[in-house]
Amino acid sequence: TGVIAAVERHPLVSWLQQGIGATVCTDNTLLSAVTAPGEYAQARRLAGMTDELFSALLTCGQKARFRRPSG
């Protein structure tokens, strides 16, 4: 969306270090020209991103996925 000028300045690693649930999203792949693998690759390359933090990122995304209502 252009809110953050450069991916290297994104606070994702800081958020994860603080225990804030965060993940990557590709809501509009056609207009934004992004893919899930590409977004995850960028996140993985962020300074300070560890295997543990990346795992937390993936887990958060799994927990936040769309679910059918129960009942």
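The protein chain, examined here as a predicted model, contains 4 helices and 0 strands, and when the chain is read along its sequence these elements follow the pattern α-α-α-α. The C-alpha trace of the protein chain spans about 45 × 30 × 20 Å along its principal axes. Of the 71 residues in the protein chain, 17% are buried, and the area that the chain exposes comes to about 5600 Å², of which carbon and sulfur atoms supply 54%. Where contacts between residues at least 6 apart in sequence are considered, 51% of them join residues that are at least 24 apart. As for charge, the protein chain carries 7 positive and 5 negative side chains, and a distance of 8 Å separates the centres of these two sets.

The aromatic side chains were considered next. The count of aromatic pairs comes to 1, and this pair is formed by Tyr 40 and Phe 54, whose rings are arranged edge-to-face, with 6.2 Å from centre to centre and 80° between their planes. Because Tyr 40 belongs to helix H3 (residues 36-44) while Phe 54 belongs to helix H4 (residues 51-64), the pair ties together parts of the chain that are 14 residues apart in sequence. The classification as edge-to-face follows from the angle between the planes, since planes over 60 degrees apart are placed in that class.

The two partners of the pair fall into separate classes of accessibility. Tyr 40 has a relative accessibility of 25% and therefore counts as partly exposed, whereas Phe 54, at 15%, counts as buried, because the buried class is reserved for values under 20%. Phe 54 also has a charged neighbour, in that the charged end of Arg 44 sits over the ring of Phe 54 at 5.4 Å from the ring centre. The ring of Phe 54 thus takes part in the edge-to-face pair with Tyr 40 and also lies beneath the charged end of Arg 44.

Two further residues of helix H4 were examined for their exposure and for their distances to residues elsewhere in the sequence. Thr 59, which lies in helix H4, has a relative accessibility of 37% and so counts as partly exposed. Thr 59 and Gly 21 are 38 residues apart in sequence, and the distance between them in space is 9.1 Å, taken from C-alpha to C-alpha. Lys 63 is likewise found in helix H4, and its relative accessibility of 60% means that Lys 63 counts as exposed, given that this class holds values over 50%. Between Lys 63 and Trp 15, which are 48 residues apart along the chain, the C-alpha atoms are separated by 17 Å.

Notes: Residues numbered from 1 in each chain as written. Predicted model: local features only at pLDDT ≥ 70, side-chain atom pairs only at ≥ 80, totals over all residues. Heavy atoms only, no water. Phe/Tyr/Trp six-rings, centres within 6.5 Å; stacked < 30°, edge-to-face > 60°. Helix = DSSP H or I, 4+ residues; strand = E, 2+ residues; numbered from the N terminus. Buried < 20%, exposed > 50% of the residue type's maximum accessible area, 1.4 Å probe, protein only. Lys NZ or Arg CZ within 6 Å of the ring centre and 35° of its normal. Contact = heavy atoms within 4.5 Å. Areas by Shrake-Rupley, 256 points an atom, 1.4 Å probe, with all protein chains shown as cover. Lys, Arg positive; Asp, Glu negative; His and termini not counted. Charge placed at Lys NZ, Arg CZ, Asp CG, Glu CD.
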